[in-house]
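Okay, thanks for making time, everyone. I'd like to walk you through one structure today, so let me put it up on the screen.

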Amino acid sequence: MEFIKIDLFDLVEMKKEHPCQTRSRLFQVVRVGADIKIQCQGCGNIIMMPRFDFNKRLKKVISHHDGTLFVKKDSK
Ligand SMILES: [Zn+2]
């Protein structure tokens with residue numbers, strides 16, 4: 001099994017688009033642990049999934065975190 005290095009706030013592209021209005025495939029990693037949380041860059045919703053599922057669904061890492069935050073501030 002292949003392990004992909006993911007860091008907090010990395011921007012990633014998933015194989016399947018988020019079933020929201022924007023159909024975005026771009027997500028930002030907002031939590032890394034046993035579970036991964038990613039935030040849809042179209043609608044801002046956060047999805048949580050086990051790391052194993054995340055690795056399967058990940059297409060590629062767009063960019064590693066470089067200090068630019070994409071997280072919207074209106075989440076609780
Ligand atoms: Zn979305």
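**The sheet, strand by strand**

So, what you're looking at is an open sheet of five strands, in the order 4-3-2-1-5, with antiparallel pairing. The edges are strand 4 and strand 5, the latter being residues 58-63, and each of those pairs on one side only. Going from one strand to the next, the twist averages 40°. One caveat before we go on: this is a predicted model.

Let's go through the pairings. Strand 1 is residues 11-14, and it runs antiparallel to strand 2, residues 26-32, with three bridges between them. If you want a landmark there, look at Val12, which sits opposite Phe27 of strand 2. Hang on to that pair, since we'll meet it again.

Next, strand 2 against strand 3, which is residues 35-40. These two are antiparallel as well, joined by five bridges. The link from strand 2 to strand 3 is a hairpin of two residues. You can follow the ladder by its partners: Val32 goes with Ile36 in strand 3, Arg31 goes with Lys37, and Gln28 goes with Gln39.

Then on to the edge. Strand 4 covers residues 46-50 and pairs antiparallel with strand 3 over five bridges. Here Ile36 turns up again, standing opposite Met49 of strand 4. This connection is also a hairpin, with five residues between the strands, and Gly44 in the turn has a positive phi of about 90°.

**Two backbone oddities**

Staying with phi for a moment: most residues other than glycine have a negative phi. So which residues other than glycine have a positive value here? Phe9 is one of them, with phi near 75°. The other I'd point to is Arg23, with phi near 50°.

Where do they sit? Phe9 is in the segment before strand 1, while Arg23 is in the loop between strand 1 and strand 2. And are they buried or exposed? Phe9 has 19 other C-beta atoms within 10 Å, and buried would take 20 or more, so Phe9 comes out as partly exposed. Arg23 has 12 C-beta neighbours inside 10 Å, and 12 or fewer counts as exposed, so that's the label for Arg23.

**The nonpolar core**

Last bit, the inside. In soluble globular proteins, nonpolar side chains tend to be buried together. The largest nonpolar core in this model has seven residues: Val12, Phe27, Val29, Ile36, Ile38, Cys40 and Phe54. Which strands feed it? Strand 2 and strand 3 each put in at least two residues, and strand 3 gives the most, with three.

Now back to Val12, the strand 2 partner pair I asked you to remember. Leaving out residues up to four places away in sequence, Val12 touches Phe27, Val29, Ile38, Leu58, Val61 and Ile62. Among those contacts, Phe27, Val29 and Ile38 are on the core list too. Leu58, Val61 and Ile62 fall within strand 5, residues 58-63.

So, the picture to take away is an antiparallel open sheet of five strands, with a seven-residue nonpolar core to which strand 3 gives the most. That's my tour, and I'm happy to take questions.

How values were computed
Residues numbered from 1 in each chain as written. Predicted model: local features only at pLDDT ≥ 70, side-chain atom pairs only at ≥ 80, totals over all residues. Pairing = 2+ DSSP bridges. Helix = DSSP H or I, 4+ residues; strand = E, 2+ residues; numbered from the N terminus. Axes fitted to C-alpha atoms, helices over the stretch in contact; angles between N-to-C directions. Core = buried A, V, L, I, M, F, W, Y, C linked by C-beta atoms within 7 Å. Contact = placed C-beta atoms within 7 Å.
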